[in-house]
Amino acid sequence: MNFTTIHHQIALTFLSGIGSRRARIIVSHFNDLEAFFAEKRLNLAKIPGVPADFVSQKLRLNALIQADKVIQELERIGAKTVFFTEKNYPRRLKQCADAPLLLYSKGNIDWNPPKLISVVGTRHATDYGKALTQELIEGLSGHDVTVVSGMAYGIDICAHQEALKFHLPTWGVLGHGLAKMYPSEHRKIAERMLETGGIISEFIPSQKPEPAHFPMRNRIVAGLSDATIVIESGEKGGSLITANLAADYNRDVFAYPGDITRPFSKGCLNLIQKNQAMLIRHSSDLVELMNWQTNESKEDRQRTLFVDLNQREEKIMSVLRSKPELNLDTIGYLSSLTISEVTCDLLNLEFKGLVRSLPGRRFQLIH
């Protein structure tokens with residue numbers, strides 16, 4: 001990946017009003033983003049679904065200037081980027097409609113490991129919750145599992161520490177930029193995580209933590225994982241947000257029961273009572289329920305079982321199965337759909353990890 005490509009990928013995220021869907025439409029219309037930033041505004045106005053006011057020459061120039069500063073900061077702190085169209089963008093996350101266009105990271109991260117879980121819970125972890133976390137991670141240490149959490153106080157940091165202790169890769173997803181660590185007490189743990197895991201953020205390196213960022217962080221924690229495990233939780237809190245998001249993404253959700261009189265058992269008990277999470281008592285329960293005691297890949301099963309397609313998307317998939325690769329116009333002709341319909345649905349299929357875009361507005365299935 002060259003400097004120019006990264007520069008324009010970052011700049012795209014700075015265009016005010018260009019959300020995930022519009023950005024994907026832009027990407028589908030250009031072989032490279034450099035062409036988009038150089039294109040005349042009148043031509044950009046012809047792209048369906050992208051209002052011209054959002055892509056004026058002035059706004060695009062300002063976005064490129066801001067991207068320059070970000071690249072300098074990335075070089076200073078030794079961070080990397082991964083864009084949603086790149087092969088190594090996390091496949092699980094790509095299946096989520098609200099996944100970020102761009103992720104920043106530090107460390108040695110294999111974005112698509114065979115097994116990935118998120119472990120979440122209260123910031124006010126009890127000895128009971130810490131013991132459950134230790135038993136869970138220790139029990140998974142022989143199953144090649146990567147552990148994701150949010151670097152927060154309580155269960156989060158306990159999960160990261162236990163993963164380090166039992167030599168499992170662990171990723172911390174931040175609600176701020178990578179230039180600093182919040183809370184600062186967790187900096188040394190984060191540094192240890194960089195060897196076989198790392199830290200991740202969708203925010204530019206200099207971004208400070210803000211309350212609104214942490215729910216955004218939670219969707220990445222949920223979307224990256226095959227399953228979310230809630231250790232301890234009050235009736236409200238970020239861990240329940242993560243669990244609900246995981247369920248929305250058709251991921252497995254598990255929760256440990258606890259003493260009904262304890263405030264930090266109520267969230268887990270409510271999830272179990274409402275059938276929003278499966279009850280587990282030991283790490284062996286999770287291994288059995290995820291079928292990790294066999295050689296079957298849960299990751300592959302989820303891809304085939306849990307990706308919902310609408311009628312138009314099914315048509316396009318059927319057409320693409322007939323040839324190794326097809327251009328946009330041919331797909332539209334064979335599926336009897338308009339070009340705007342095909343463009344929109346191909347973006348969704350690419351986002352779900354089923355279709356790959358190629359130069360020249362050509363597409364192919366990902367086998």
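Q: What does buried mean here, as against exposed?
A: A residue is buried under 20% relative accessible area, exposed over 50%, and partly exposed in between, for a 1.4 Å probe and protein chains only.

Q: What kind of model is this, and how are residues numbered?
A: This is a predicted model, in which local features need pLDDT of at least 70 and side-chain atom pairs count only at pLDDT 80 or more, while totals for chains, interfaces and linings use all residues. Residues are numbered from 1 along each chain as its sequence is written, and side-chain values use heavy atoms, with hydrogens and water left out.

Q: Which residues of strand β5 are buried, and on which side?
A: Strand β5 comprises residues 170-173; strands (E, at least two residues) and helices (H or I, at least four) are DSSP runs numbered from the N terminus. Thr170 and Gly172 are buried on one side, and Trp171 and Val173 are buried on the other, which leaves both faces covered.

Q: Why two sides?
A: In a regular strand the side chains alternate between the two faces of the sheet.

Q: Which strands pair with β5?
A: Strand β4 (residues 145-149) runs parallel to β5 and is joined to it by 3 bridges. Strand β6 (residues 198-201) also pairs with β5 in the parallel sense, over 3 bridges. Two strands count as paired if DSSP finds at least two bridges between them. Gly172 in β5 is the bridge partner of Ser149, and Ile200 in β6 is the bridge partner of Val173.

Q: What about the helices in between: which units do they make?
A: Helix α8 (residues 155-165) forms a right-handed β-α-β unit with β4 and β5. Helix α9 (residues 187-193) does so with β5 and β6. Right-handed means that, with the strands pointing away from the viewer, the path from the first strand over the helix to the second runs clockwise.

Q: Changing topic: in what order do the strands of the antiparallel open sheet lie?
A: That sheet has 3 strands in the order β10-β12-β11. Its edge strands, β10 (326-327) and β11 (355-358), each pair on one side only. Between β11 and β12 (residues 362-365) there are 4 bridges in the antiparallel sense, and Val355 stands opposite Leu365 in β12.

Q: What does Glu350 touch?
A: Not counting residues up to four places away in sequence, Glu350 touches Thr85, Lys94, Val355 and Ser357, where contact means heavy atoms within 4.5 Å. Glu350 lies in helix α17 (residues 339-351).

Q: Where is the nearest opposite charge to Glu350?
A: Lys94 is the nearest side chain of opposite charge, at 5.2 Å; Glu350 is buried yet has no salt bridge. A salt bridge is a side-chain nitrogen of Lys or Arg within 4 Å of a carboxyl oxygen of Asp or Glu. Lys and Arg count as positive and Asp and Glu as negative, while His and the chain ends are not counted.

Q: Which side chain does the side chain of Glu350 make a polar contact with?
A: The partner is the side chain of Ser357, at 3.2 Å. A polar contact is a pair of N or O atoms within 3.5 Å; within protein, one must be able to donate a hydrogen and the other to accept it, and residues adjacent in sequence count only if both atoms are side-chain atoms.

Q: How many salt bridges are there by the rule?
A: The count comes to 9 salt bridges. One of them joins the side chains of Asp98 and Arg219 at 4.0 Å, N to O. This pair links distant parts of the chain, 121 residues apart: Asp98 is in the loop between α6 (91-94) and β2 (102-107), and Arg219 is in helix α10 (residues 213-224).

Q: Are Asp98 and Arg219 buried or exposed?
A: Asp98 counts as partly exposed because its relative accessibility is 32%. Arg219 is buried, with a relative accessible area of 11%. Both residues belong to a network of salt bridges with Glu202.

Q: Which residue meets Arg312 in a salt bridge?
A: Asp345 does, at 2.6 Å, N to O. Arg312 lies in helix α15 (residues 311-320) and Asp345 in helix α17, so the pair ties together parts 33 residues apart in sequence. Asp345 is buried at 1% relative accessibility, whereas Arg312 is partly exposed at 30%.
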